Amino acid sequence: MVAEGRGDELAEIQLLAEIASRTKAFPITFCAILHQGLSHYASGLPQAIRSNWKKIEGRFETIQYVDDSKEIYRLVGEVLQSRRPDGTTSKTKQSIAKKCLSLGLFSDFKIRDLSTLLMSAYPMEPAALYLLPRVSARVAQNERTLFSFLYNCDLSGPVRVSDLYDFFAPAMRADTAVGGTYRQWLETESAISKIPDDEGAVSALKTACLLGLGTSGARSRTTVQLMKFAVDGYKPKQADKTLRDLFGRKLLLHRVHNDDVSVWHGTDLDLRGRLDEERAKLGTDFDLVTLLNREASPPVWKPVEYNDTHCIRRFLPGSYLNKDQFNGIESWALTSIGHDSDGHIAYLLADTEDDLAAAERVAAKTKSEERLVFAVPCEPLPLRDAAIEVRALQRMQQDNELVESDPIALSELQQMTDDALEHLQKLIDRLVTPSSSGAKWFHAGKQIDASNSRQLRNSLSEIMASVFSKTPMINNEMINRRKPSPALVNARKKLTMAILERHGRQRLGLEGFFPDRSMFNTVLLHTGLYRKDDASDRWSYVHEKSLKDPGMKAVWGAFRKFLTEASERPATFKALFDKLQSPPFGLRLGVMPILLAAALRAFPSAISLMHKGKYLNDVLPSDIENICKFPKEYQILVLDIDTSKQKLLRGLYKHFSKVANYEIEENDLVRHCFDALEAWKHQLPPAAFTTGRLSKDTDAFRATITRVNDPVQLFFTELPRALSKSVDKPKSLINAIQRCVDELENVASSYTDQASEIVRASLTVGSDPGENVSVRVIAKQWASYFPGQFTEKLSDGVAKGLLSRMSLDYESDSLLIDSLASLLVKKSVRRWDDSMAAAFDREFTAYVSKIENSARTFPAPTPQLQEGLSRLVLGRMQELYNQLSDLVGEDDAKAMLEQINSMTGAKRDGVPQ
């Protein structure tokens, strides 16, 4: 009964005893033959049950049987004599036998017989021989332990009482029942801990402990002379000095009036009484479920057959439910069983027959949650009393004042707590462990077969097969789980990278036999998702109709619908993942990133993928992991692309891609267009994003493509609104966008034109303004006016560099302007903004003037320099004459020029004017 947690059923024995004692018609004697006292069997039971056992034991007359007969001693002597080493001679004298009889030992023997016994039992000392059958009967299992000691003791030296103590100490420690020997063992060990290095004193304490054990719960009287005799044995060991020291240190107590020696055990605490007080304090508000979950958590059951068949590891944890909880089982199931749970076992706690009947009704009627299994006890279980005792003992251990009042209090409380927990677990086992006489198990309102653990696992396998009928077969338990190891996560990232970047290649380009290759084989290749198309000789993903596994077919179809079916509002990935982790799919989160990455490649569509409302420009393996880890933060919008939107997207891609072959897949238009737009934006000059010299439409276009990151909003809402166009008229919208594109691309060209005009206006070469002469021709002609000798003697490096660059041959005017701009303003024209043209004008004009002035004042000019200067002056004069003609007309200009010539000639001839 104790082993099965049915300790409260001892009342039936009391009933039998009462029937026997009250029967008058014919006499009945009820005799129970036990190997130990009745209360000893209750050592691991709660206080309340132990108290009942003690009352029942009091109704019986106990006849203590200790076999200390001459026959048992004769057997002991024969065993010792047969095992005694050769050459060992007995030192037993008749005086020793007389001493034993005088001290009350072996009272049934005569001196002659006792002398013979002591000689045959040598080297076991008399006190040890006397105590052996008594200690064995008190704390162990009689002969079996007695003879175990005899065949294991060392006979090469004396066998003392302390050797008996060492052998029986584990049994004494475990004897925690009322009247047991645990307390004496604890007292002795506490005393020994204070003198661990004094071998004689330790031996004396162990001897006192065993001499003090009675044949029942009471202590035996031990005189000082008996203690000295037992400590000395065959060889005097200064027992007087050892005992005086122990008395002085108060480790042994000598009661002088009745000459009784015992181990000092400090203050006697009434722990049992204190336990009753603590139990009463806990009262009716005690939370049974919380304590059971902490101290005796229910087991986790695995449907082994289902797991092996479906290559997955499902498990069903359990919870204890009290009366209030199982009366509201519907609401409890909603809050306690998650969408990704494989199942749950509810253990219904019932203390009374009424609670038990209510629990069975709930289990038989509940059918709404197909993953819920009930376990109902076959009879009321007194769990509350056992749990209250555990909690009370725990509170007592936390009471510092109580623990510090006695050095052995804590150890005893710990032992009592262990016993209470053991009993509680036995009661729990009657509920959670399947057996033919155990709990009743229910699922979907019907009782299932759970006569043993194996049958329960088989029943759970059948339930899992029914609940998760569409679980895909993925034969990789390392990744087919809720939370793979960090090493597997890194390998999974490598696989998703291959899926995203090497789609269409055999094995996705994976080499070797590493975890990423293993995951590819088990999740994509062996399931048939990724295969070679014989017609096109290309590797690709298949439609779900081509799959054989019904589970994978259903999961792959769910991914396809989620990524391809158009919707007006964004959907979160959480909706998809919750669906796939719930029945009937039961997909593990560990394989979700692999399948999601593969689905994005297998079903590319017009989608807008957003993270916290912001468009996700590029999908990386880390994004795939984060989508699966934080699905609430990611949304997807699948678009319904009609004909007008298709034309718009194709036109946009044509203008932004700048490639001859701009054909793209119908189901990936949005992302391709947005990628092309982003690439085009990156190749624009910086001034395109800062210049204020744009038309109204282009300025609005620029602001829109800079501000809006969501391609769906950008192409179908914001751009049409900015340009006052309609999506339904794609041609008009595309033309407007093209004008804006051209204007932004030509921002740098306008700066080049400005710089070219500055160069033309600053250089004087005498060319006809109506002539279409390139800037590089003008620059080279102007630079030719200054010979190398002059250029080398220029001290200004920028001026010298300007002449050198203008003397070179360039393929276009823009290259010359870029070269001059880099020299003068330190920026190429593509890096200009609106203020750089003025800076270029200022620098270029200043250096041209500086070079010309240096040439005019150059000392000892060479003929080449003089010729160049003359051509420079002539060119300047030509420009001035052209300006004069524009002002006064051709005839007047000629007349003025002749007047100047005549005045200059007269002045040269000395004729006064």
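In the predicted model, E278 and K281 both belong to helix α13, which spans residues 271-282, and they are separated by three residues, about one turn of the helix. Their side chains form a salt bridge, with an N to O distance of 3.7 Å. The two partners differ in their surroundings: E278 has a relative accessibility of 5% and counts as buried, whereas K281, at 56%, is exposed. The pair is also part of a network of salt bridges that links R274, E278, K281, R395 and D399. Across the whole structure, the search returns 36 salt bridges.

A pair with three-residue spacing is also found in helix α30 (residues 669-683), where E678 and K681 lie about one turn of the helix apart. A salt bridge connects E678 to K681, and the closest N and O atoms are 3.3 Å apart. K681 has a relative accessibility of 14% and is classed as buried, because the cut-off for this class is under 20%.

Another salt bridge joins the side chains of R707 and E718, at an N to O distance of 3.5 Å. Here R707 lies in helix α31 (residues 696-707) and E718 in helix α32 (residues 711-722), so the contact ties together parts that are 11 residues apart in sequence. R707 is exposed, with a relative accessibility of 54%, while E718 is buried, with a value of 14%.

Turning to the strands, β8 (residues 530-533) and β9 run antiparallel and are joined by four bridges. The bridge partner of Y530 in β9 is Y541. Together, β8 and β9 form a hairpin with four residues between the strands. In the turn of this hairpin, D537 has a positive phi of about 55 degrees.

The side chains of strand β9 (residues 538-541) alternate between two faces. W539 and Y541 point to one face and are buried. R538 and S540 point to the other face and are not buried. Y541 therefore combines two of the features described here, since the residue is the bridge partner of Y530 and has a buried side chain under the cut-off of 20% relative accessible area.

Note on methods:
Residues numbered from 1 in each chain as written. Predicted model: local features only at pLDDT ≥ 70, side-chain atom pairs only at ≥ 80, totals over all residues. Heavy atoms only, no water. Salt bridge = Lys/Arg side-chain N within 4 Å of Asp/Glu carboxyl O. Buried < 20%, exposed > 50% of the residue type's maximum accessible area, 1.4 Å probe, protein only. Pairing = 2+ DSSP bridges.
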